[in-house]
Amino acid sequence: MAKKTTDHEKIKEWVEQRQGKPSVVKSTYKPESNGILQINFPDYRGKSTLEDISWEEFFTIFDKRELSFVYQEKTAKGEPSHFFKFISEKKPRFTVPEE
């Protein structure tokens, strides 16, 4: 089951437990536009398309865009899940229960 949060510490903990790093998509990262947020996991095939950023910068973009972090703790088999998605709270598309 997916969960939703805006809690910075919870997001950081979830990402770091999976050895991920905050990042943005390189082709969208410009001084006037902060770029598309992403999580860079060690086994991600598109790693060369991402640029790692600090948690401070990540959460500045996250808050500025009024995003929520939708994530899954475990897969159906009980293994740690890497599923996540950023959704806009300005115009939510679907409802996920708050944790």
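This is a short walk through the structure, from its overall layout to a few individual residues. The model is predicted, so local features need pLDDT of at least 70 and side-chain atom pairs count only at pLDDT 80 or more, while totals for chains, interfaces and linings use all residues. Residues are numbered from 1 along each chain as its sequence is written, and side-chain values use heavy atoms, with hydrogens and water left out.

Let us begin with the overall layout. The protein chain contains two helices and six strands; helices (H or I, at least four residues) and strands (E, at least two) are DSSP runs, numbered from the N terminus. Read from that end, the order of the elements is β-α-β-β-β-α-β-β. Of the 99 residues in the chain, 37% are buried. Here buried means under 20% relative accessible area, exposed means over 50%, and partly exposed is in between, with a 1.4 Å probe and protein chains only. The areas themselves come from the Shrake-Rupley method, also with a 1.4 Å probe, and for residues only the protein chains shown count as cover.

Now look at how the strands pair, which requires that DSSP finds at least two bridges between them. A good place to start is strand S2, residues 21-25, where four of the five residues are buried. S2 pairs in the antiparallel sense with S3 (residues 37-40) over four bridges, and Pro-22 has Ile-39 in S3 as its bridge partner. S2 also pairs in the antiparallel sense with S4 (residues 50-52), here over three bridges; in this case Val-25 is matched with its bridge partner Leu-50.

Strand S5 can be followed in a similar way. Five of the six residues of S5 are buried. S5 and S1 pair in the antiparallel sense over four bridges, with Ala-2 opposite Gln-72 in S5. Five bridges join S5 to S6, and these two strands also run antiparallel; here Ser-68 stands opposite Ile-87 in S6.

Next come the charged residues. The structure holds one salt bridge, meaning a side-chain nitrogen of Lys or Arg within 4 Å of a carboxyl oxygen of Asp or Glu. Glu-73 and Arg-18 form it, with their closest N and O atoms 3.6 Å apart. Glu-73 sits in the loop between S5 and S6 (84-88) and Arg-18 in the loop between H1 and S2, so the pair ties together parts that are 55 residues apart in sequence. Arg-18 is buried, at 7% relative accessibility, whereas Glu-73 is partly exposed at 30%.

There is also a negative surface patch, formed by Asp-7, Glu-9, Glu-13 and Glu-16. Patches are made of residues with over 30% relative accessible area and no salt bridge, where like charges are joined within 9 Å and nonpolar side chains (Val, Leu, Ile, Met, Phe, Trp, Tyr) within 5 Å. Within this patch, Asp-7 lies in the loop between S1 (2-5) and H1 (8-17) and is partly exposed, with a relative accessible area of 38%.

Finally, take a look at two backbone angles. Most residues other than glycine have a negative phi. Gln-19, although not a glycine, has a positive phi of about 60°; Gln-19 lies in the loop between H1 and S2 and is exposed, with 59% relative accessible area. Glu-66 is not a glycine either, and has a positive phi of about 55°. Glu-66 is found in the loop between H2 (55-64) and S5 (67-72), and counts as partly exposed at 42% relative accessibility.

Key: Lys and Arg count as positive and Asp and Glu as negative; His and the chain ends are not counted. The place of a charge is taken as NZ of Lys, CZ of Arg, CG of Asp or CD of Glu.
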